Amino acid sequence: MTKEELANISLPRHIGIIMDGNGRWAKQRGLGRSEGHKAGAEVFRRICEYARDIGIEYLTFYAFSTENWKRPAEEVSAIMNLFRDYLDEAKEREEENNEKGMCVRYIGDRSVLPDDIRLMMNELEKRSDDKDVITINLAVNYGGRDEILHAVKAIAKRVEAGEIKADEINLKDIDGNLYTAGQPDPDLIIRPSGEYRLSNFLIWQAAYSEFWFSDILWPDFTSEHLDKAILDFAKRNRRFGGV
Ligand code: IPE
Ligand code: IPE
Ligand code: MG
């Protein structure tokens, strides 16, 4: 994006990205699906940097869904190893990432993830907690329905404990108990790979999101595609139910 373009549009504060199409990308090249995930992880790194440089404040990446456990064990374990690589690398690059003001968070149910990954995630979150240029949410074992269920249970416990009455539950209570509590809703959700669905991504938060779909497979996604999505977004007329 040129400086001029950047100066003349209103940027989305929060972008959600469904990183889809890794398997098809690998298949096209006669490679195993894991190779596609590896290539996809590289693109994830590049897009994080680029989004930060142009001034995006929140970026949420869908990396592994609550439904993705259905995949062959070999593929699941290859994806887990890519998380390990990313977490190791983030530790090595801590100083650089801190200087860039990158805060990393995980959204999803981490209780069932391998212990070492959970520990590394907790550490990285803690170490980057006070950075405020860009917040990167990585959705791992994330499902929108699971997230809402998790919020409902937390609120029900407060009712059970007599802290609030059922009639007093409001929308803020639900927002405040989501994994994304305190963050703005996604303004723009990007899904490459030619699928036109959310696949359980940010279903509560996406109530008024703008959508951008493309046939490009995630490992082929570049900063130019992000620019295109943002420029298209800037032309949309968001009414939020008003006139
Ligand atoms: C997205 O790519 C990555 C994950 C869901 C973990 P896919 O693996 O779903 O790629 P396709 O959709 O099979 O091409
Ligand atoms: C959505 O992609 C999940 C992630 C990108 C992590 P899927 O490939 O799992 O979605 P479906 O199965 O095509 O809906
Ligand atoms: Mg897919």
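Which side chain of opposite charge is nearest to glutamate 147, and how far away is it? Keep that in mind as you look around this predicted model.

**Stop one: glutamate 147.** Start by selecting helix H7, residues 144-160, and pick out glutamate 147 within it. To settle the opening question, add arginine 110 to your selection: that is the nearest side chain of opposite charge, and it sits 11 Å away. Glutamate 147 is buried, yet it has no salt bridge.

What does the side chain of glutamate 147 meet in a polar contact? Show tyrosine 142, whose side chain is joined to that of glutamate 147 by a polar contact of 2.6 Å. Now bring up Leu178, Tyr179, Thr180 and Gln205 as well; together with Tyr142, these are the residues in contact with glutamate 147 once you leave aside its neighbours within four places in sequence.

**Stop two: valine 152.** Stay on helix H7 and select valine 152. This residue is partly exposed, with a relative accessible area of 48%. Then add isoleucine 174, which is 22 residues from valine 152 along the chain, and check the C-alpha atoms: they are separated by 7.3 Å.

**Stop three: the largest pocket.** Next, select Met19, Asn22, Tyr62, Ala63 and Asn68, the residues nearest the centre of the largest pocket. The full lining has 30 residues, and about 640 Å³ of space lies in this pocket. To see where the lining comes from, colour helix H2 (22-28), helix H3 (33-54), strand E2 (58-65) and helix H4 (73-92), the elements that each give two or more residues. Finish on H3, which provides the largest share of the lining, 6 residues.

Terms used. Residues are numbered from 1 along each chain as its sequence is written. Chains are lettered from A and ligands numbered from 1 in the order in which they are written. This is a predicted model: local features need pLDDT of at least 70, side-chain atom pairs count only at pLDDT 80 or more; totals for chains, interfaces and linings use all residues. Side-chain values use heavy atoms; hydrogens and water are left out. Helices (H or I, at least four residues) and strands (E, at least two) are DSSP runs, numbered from the N terminus. Buried means under 20% relative accessible area, exposed over 50%, partly exposed in between (1.4 Å probe, protein chains only). Lys and Arg count as positive and Asp and Glu as negative; His and the chain ends are not counted. A salt bridge is a side-chain nitrogen of Lys or Arg within 4 Å of a carboxyl oxygen of Asp or Glu. A polar contact is a pair of N or O atoms within 3.5 Å; within protein, one must be able to donate a hydrogen and the other to accept it, and residues adjacent in sequence count only if both atoms are side-chain atoms. Contact means heavy atoms within 4.5 Å. On a 1 Å grid over the protein atoms alone, a cavity is a set of points where a 1.4 Å probe fits but cannot get out, and a pocket is an open set with protein on both sides within 12 Å along at least five of seven lines; lining residues have an atom within 4 Å of a point. Grid points are joined across faces, edges and corners, and a volume is the space filled by probe spheres set on the points.
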